[in-house]
Structures are given as structure tokens and as C-alpha cells.
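Here is a walk through one structure, taken piece by piece. Have the coordinates open and follow along.

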Amino acid sequence: MTNPSRHTASEMLAILSARQLKEGQVVFAGIGVPLLAATLAQRLRCPGLTILFEGGVIGAFVEPGKLPPSTNDQRCTKRANMVLGSAEVLLLLQRGYVDIGFMGGAQIDKYGNLNSSFIGDSDHPKTRLPGTGGGNDISSLTNMIVAMKHEKRRFVDQVDFITSPGFIRGGNSRAENGLPEGGMFRVITELAVFSFDDTSRLMKVLALNPGITREQVQDNTGFDLIFDDQLSVTEPPTEHELTTLRMLDPDRLFIG
Amino acid sequence: MVARDTVQPYKELRQNLARRDRSLREKVVTLEEAASFVSDGASVGIGGSTMSRTPMALIWQLIRARKKELSCSRCIISTDGDLLLGSGVSNHIISSWFAQGILWGLSKVMRHHIEGGHARYDEWSHMGVGMRFRAGAMGVPFMPMRSMLGSDVGRKRPEAKEFDCPFTGEKLLLVPALNPDVALIHVQRCDAYGNAQIDGLQFMDIDLAMAANRVILTTERIVSNDQIRRSPDQTKIPFFCVDAVVEVPFGSAPHECYGVYEPMMNHLEAYVKQVNGDPIGGMKKYLDDHVYGPKTWNDFLSMIGIDEIVAASRRGRSIFDD
């Protein structure tokens with residue numbers, strides 16, 4: 001028997017993220033928890049969820065226990081509807097075929113901008129991170145769900161470098177910078193679920209994860225948080241969600 | 001040779017192409033001969049993506065030939081990028097993502113060379129790299145696109161220009177054509193003329209082949225032209241943009257070749273542990289043992305080991321199972 005009260009942070013992220021997806025949507029998923037969560041949603045509630053991978057895949061059905069090591073490996077194509085070029089699948093974002101982009105994040109700020117390029121000054125970086133991959137394209141062109149670990153050093157007032165744009169400097173600045181479509185929709189962490197204020201575009205807490213207090217979320221965040229007027233508490237992972245997730249990733253490649 | 005950061009003049013592109021022998025001719029060469037097509041300082045486009053269909057045997061040969069100052073572009077670059085920087089063959093990488101693989105975190109080799117200022121890593125969005133090869137393939141100096149705007153990825157690349165659309169007034173980003181001096185592409189099969197058939201994910205290889213001033217193919221196997229002509233719809237790269245063909249079974253090892261073998265993870269994990277533990281000494285030892293040491297590519301394969309190669313092949317071929 002799976003004990004639903006015992007789970008890793010990554011399992012929590014995958015399950016709560018999967019709950020955000022809806023039947024019939026077209027989802028562009030990154031590697032790791034996003035791929036796993038999209039596949040989980042497909043197995044649990046959304047058999048008609050269409051998953052896209054940047055390697056050039058439309059309509060993936062990743063096999064349990066055969067998770068790909070990146071979204072550019074042959075395993076991504078198993079039982080897919082179509083394989084196509086990487087530029088072609090990315091251009092589907094630009095044309096508008098994608099409902100949700102779904103990525104992990106290294107560092108995020110109060111406007112939902114993501115950094116996966118540099119820690120410190122980009123001309124003389126303390127750390128050179130891997131870079132955007134498709135992240136910039138996805139976040140520029142569609143509505144984003146980001147699943148990431150919640151730590152004070154990762155939730156900062158302003159990112160060192162905007163790799164993947166959220167709402168940039170808030171207000172209308174995203175559209176003014178040439179990005180009229182998309183934007184941050186949800187951020188999912190092991191502490192809470194976040195959305196963004198319609199006007200200021202500041203991150204706000206939509207729901208607390210079970211057993212988590214407002215203070216815990218604020219204490220782990222590097223900027224002042226807004227809490228939604230209808231702040232709710234998320235339902236804990238069910239046994240069914242956890243067993244299905246663990247069946248998909250038996251080697252615990254992405255669920256830790 | 002194309003100056004870095006500039007678009008190659010159209011006249012020059014056309015002249016280069018006019019000079020290439022585009023007749024239906026055999027062009028099979030050895031790995032050593034193929035490497036001689038790459039001059040020091042050349043811009044080199046690398047096919048495949050991440051750990052898939054990497055032209056690893058040819059990169060291995062470029063390192064053995066001690067090439068210098070190559071500017072290498074690839075949509076997503078992984079352990080091949082480590083080897084190119086760590087060996088001193090390249091001092092400039094153009095890509096959207098550079099690490100060994102998502103499973104292993106950051107590449108200490110990349111960090112050592114880039115943070116230390118020994119080499120440049122120009123970061124473009126994935127689609128940005130694609131549109132640069134696409135413009136190069138189309139024979140136009142740029143492509144407009146709607147990402148990289150408003151981000152520091154765009155701001156960090158003055159070669160890309162923001163532009164107000166003359167039709168709609170919208171803000172767009174123009175990314176410059178990338179026409180590498182030479183493209184290195186690994187495929188499952190081609191004929192002796194270079195008609196290449198690619199199974200599975202094609203990544204940006206068709207645009208890359210069309211954009212490049214020269215193309216070297218490595219292939220798992222050379223098949224007859226008759227066989228190509230029986231399924232011309234499977235041919236993804238036409239012979240007349242190919243300048244050399246090398247038959248190299250397991251030419252992407254330890255990376256994957258769709259439908260033939262999956263990545264050889266034991267070798268890669270041991271590699272990552274060694275070079276991330278010591279990005280200078282560990283890399284030197286890897287190069288001495290696995291690149292300079294073996295007499296032939298097959299000798300390198302035997303160092304990966306028959307067990308791992310058989311296991312990777314079984315997994316690779318299983319993609320065609322029900």
C-alpha cells in the first residue's frame with residue numbers, strides 16, 4: 001500500500017502540476033517533472049492531452065519505466081502522432097497551436113521571469129548555467145506552468161538575467177516588449193500554487209499545499225508575497241496519483 | 001572563411017556553391033580524409049541534438065587531427081561540446097543549451113572554459129538557432145521571429161536586431177543567417193553519392209545541410225542508389241549538397257542513433273563523473289585514453305565495451321517494436 005502522506009517534493013510538484021492540465025489541451029513539455037506531470041495527467045484524467053517535445057514530437061505517449069533522458073531522444077517518439085523538425089515544432093508555438101508551456105525553473109522573480117543562464121553578472125558570471133534551450137521560445141509564445149523547488153535563493157525579487165520572460169517588469173511591459181501573447185499562468189512548488197495578479201502582474205499565492213502556512217511560504221521567498229483573497233488549501237496527493245506516478249518513474253529518475 | 005558574427009554575403013554564398021561539384025558522383029572517403037575538409041578557424045555546424053545523432057566519430061577525428069579555433073554551432077550541445085572545448089579544438093560555441101545532459105546538472109568542463117574566459121558560449125533560443133539555419137538554408141540574410149524579445153537572451157545578442165514590421169508595425173526580432181563553412185551530420189543510411197535518409201527525429205539537419213558551404217556525412221551504413229530510389233520520400237538530404245560520405249558504424253557512440261542504439265549511459269556516467277570531478281585533469285585523461293589513445297574508431301568502441309554496445313543496440317531497435 002502506498003502511504004499518500006509520504007512523498008518527495010518532486011512527487012508533489014508532478015502531481016499538483018498534472019492537476020492544472022485539462023483534457024484536450026496541447027501542452028509543450030520540458031524534460032523532468034514537466035514531462036512526467038503531463039504524462040501523469042494523460043494517464044489519470046486527460047487521455048486526449050497532446051504532448052509536444054522540442055526534439056520534434058507531436059502527441060507523445062511516454063512508456064512507463066522508459067522515460068527519456070532528454071526531450072530529444074528516441075523514447076519521446078514512442079506512439080506519437082508525428083515526428084517533425086525541432087524548428088517546426090517550436091514554430092507551432094509562434095503560430096498559436098499550443099495552450100500550455102510547461103517547464104522547470106532554476107530561479108524565478110516576482111514577475112515570473114526565469115533565469116537559467118547566469119548566476120551573477122552575465123559578463124563575468126559566478127556560474128554559467130546551461131541556458132534557455134526552448135524555454136525562451138515557450139515562455140515568449142504561450143501560457144506557462146512552471147514547476148520548481150521553493151527556496152529563498154530561487155524565489156528572488158529580480159532575476160540576475162531574464163532567460164525566459166514572464167511579465168518582465170509587470171503591468172503591460174510584456175506586450176510592450178513585443179510579446180502580446182501568453183505569459184505566466186501558474187507556478188507550482190512543494191509549498192504552494194501561485195498565479196499572477198491581472199493588473200500588476202505580481203506573483204500571488206493562490207493555494208497553500210497541505211500542512212503549509214503563509215509564514216512558511218513567505219519565509220522561503222525573497223520578495224513580499226500577495227495572498228489571494230480566496231486563498232485555499234490544496235487537496236493532498238491521492239494514493240491513486242502517487243501509485244500512477246511511481247509506476248511511470250519506477251527508477252525514480254525525476255521524482256527523486 | 002566567414003568572419004564570426006556577420007552574415008556571409010549572398011554573392012560569396014552563391015560563388016561557393018557554384019564551385020562545388022554537384023554532379024551525381026561517388027564521394028566516399030575515410031574519417032581521416034573527411035577531417036581534412038575542416039580548416040582551422042572554420043565555422044562548423046553540428047547535426048543532431050543533445051545526445052542524439054551526434055557526429056561523434058568525426059568530432060573525435062577532428063580532435064585527433066588537432067584542429068584549432070573552430071566556431072561550433074548546434075541547436076543543443078552536450079558532451080560533444082565538452083570535448084570540443086576541453087581538447088582546445090573549439091573556442092566558440094553557438095547553441096541554446098550546453099551541459100552534459102539534464103540528469104547530470106551543470107557541466108564543469110563548460111563552466112571552466114566559459115567562466116574562465118577561455119572560450120565563448122553565445123546563447124540563442126532554440127528557435128533562434130533554428131531560424132538562423134533556416135535563413136541560411138533559404139539564401140536570405142535573416143529571419144523574423146517573435147521570441148527572444150524582452151529577454152536578456154535577446155539583449156545579450158547584438159547580432160540580432162529588433163525591427164518594426166513594415167506591414168503591421170509589430171515589434172519583431174531579426175536573427176542573422178548562419179551559413180557554416182562546413183556541416184557535420186550523422187545519418188542512419190545514405191548512398192555513395194550522399195543521398196541521406198534519416199529515421200526518426202531530424203532536428204535541424206535539413207536546414208543545416210542546405211545552409212552550409214560544405215557538408216560531411218557520416219553514416220551507419222552505405223546503401224545502394226537503387227535502394228534510395230525505391231523510397232525517395234525517405235531521403236531528407238539530397239546528394240548535391242553533400243561533399244563527403246564516411247561509413248562509420250556506431251558513429252554517434254556513446255550518444256544515440258534513432259532506431260539503431262540508445263545512449264550508452266554507463267560510459268557517459270563514468271565520463272561525467274571523471275570530468276566533473278576534475279574538469280582539466282579528468283578531461284585530459286579522457287582524451288588521452290579514449291581519443292588520442294585508440295588506433296581506430298573501432299578501438300574506441302571496444303573501450304565502451306561489447307556488453308554496453310549490445311544493450312544500447314537492443315534498446316535502440318526496440319523503438320520499432322509494438
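B:Ala183 counts as buried, because it has 31 C-beta neighbours inside 10 Å and 20 are enough for that label. This is a predicted model, by the way. B:Ala183 belongs to strand β8 of chain B, which covers residues 182-190. What is B:Ala183 in contact with, once its neighbours within four places in sequence are left aside? The partners are B:Gly45, B:Gly47, B:Leu208, B:Ala209, B:Ala212 and B:Val215. For a longer-range pair, take B:Ala183 and B:Val38: they sit 145 residues apart in sequence, yet their C-alpha atoms are 9.4 Å apart in space.

Still in chain B, have a look at helix α5, residues 108-115. Is it mostly covered or mostly open? Mostly covered: 6 of its 8 residues are buried, namely B:Lys108, B:Val109, B:Met110, B:His112, B:His113 and B:Ile114. What do these buried residues pack against? Within chain B, the answer is α4 (79-86), β4 (120-123), α10 (265-277) and α11 (281-292), and β9 of chain A joins them. After α5(B) comes B:Gly117, with a positive phi near 75°.

That β9 of chain A leads over to the interface. In total, 43 residues of chain A are in contact with 51 residues of chain B. On the chain A side, α3 (86-95), β9 (127-128) and α4 (135-141) each supply at least two of the touching residues. The make-up of that side is 14 nonpolar, 23 polar and 6 charged residues. As for confidence, the model scores ipTM 0.96 and pTM 0.97, while chain B averages a pLDDT of 97, with 99% of its residues scoring at least 70.

Now for the inside of chain A. The largest nonpolar core has 168 residues, and the members that touch the most others are A:Ala14, A:Val27 and A:Ala38. Which residues does A:Ala14 touch, not counting those up to four places away in sequence? They are A:Val33, A:Leu36, A:Ala37, A:Leu40, A:Leu245 and A:Ile255. As a general rule, nonpolar side chains in soluble globular proteins tend to be buried together.

Two bits of strand pairing in chain A are worth a look. One is an open sheet of 3 strands with mixed pairing, in the order β7-β6-β11. Its edge strands are β7 (114-115) and β11 (155-156), each pairing on one side only. Strand β6 (residues 107-109) pairs with β11(A) in the parallel sense over 2 bridges, and A:Ile108 stands opposite A:Phe155 there.

The other bit involves β14 (residues 203-208) and β15(A), which pair in the parallel sense over 4 bridges. A:Ala207 is set opposite A:Ser232 of β15(A). Put helix α6 (residues 214-219) together with these two strands of chain A and you get a right-handed β-α-β unit. Why does strand β15 (residues 226-233) of chain A lie largely in the open? Because the number of buried residues among its 8 is 0.

Next, some backbone oddities. Two residues have a positive phi although they are not glycines; here they are with their angles and neighbour counts.

| Residue | Phi | C-beta neighbours inside 10 Å | Class |
|---|---|---|---|
| A:Ile168 | about 55° | 23 | buried |
| B:Arg66 | about 55° | 11 | exposed |

A:Ile168 sits in the loop between β11 and α5 (173-176) of chain A. B:Arg66 is in the loop between α3 (56-64) and β2 (70-73) of chain B. There is also a cis peptide bond to check: the one from B:Ala253 to B:Pro254 has omega near 5°. B:Pro254 is part of the loop between β12 (244-247) and α10 of chain B.

Finally, B:Arg317. Its place is in helix α13 of chain B, residues 306-317. B:Arg317 counts as partly exposed because it has 13 C-beta neighbours inside 10 Å. Its C-alpha atom is 8.4 Å from that of B:Glu262, and the two are 55 residues apart along the chain.

Terms used:
Residues numbered from 1 in each chain as written. Chains lettered and ligands numbered in written order. Predicted model: local features only at pLDDT ≥ 70, side-chain atom pairs only at ≥ 80, totals over all residues. Contact = placed C-beta atoms within 7 Å. Nonpolar A, V, L, I, M, F, W, Y, C, P; charged D, E, K, R; others polar. Pairing = 2+ DSSP bridges. Core = buried A, V, L, I, M, F, W, Y, C linked by C-beta atoms within 7 Å. Buried ≥ 20, exposed ≤ 12 C-beta atoms within 10 Å, placed from the backbone. pLDDT = per-residue confidence, 0-100. Right-handed = clockwise from strand over helix to strand, strands pointing away.
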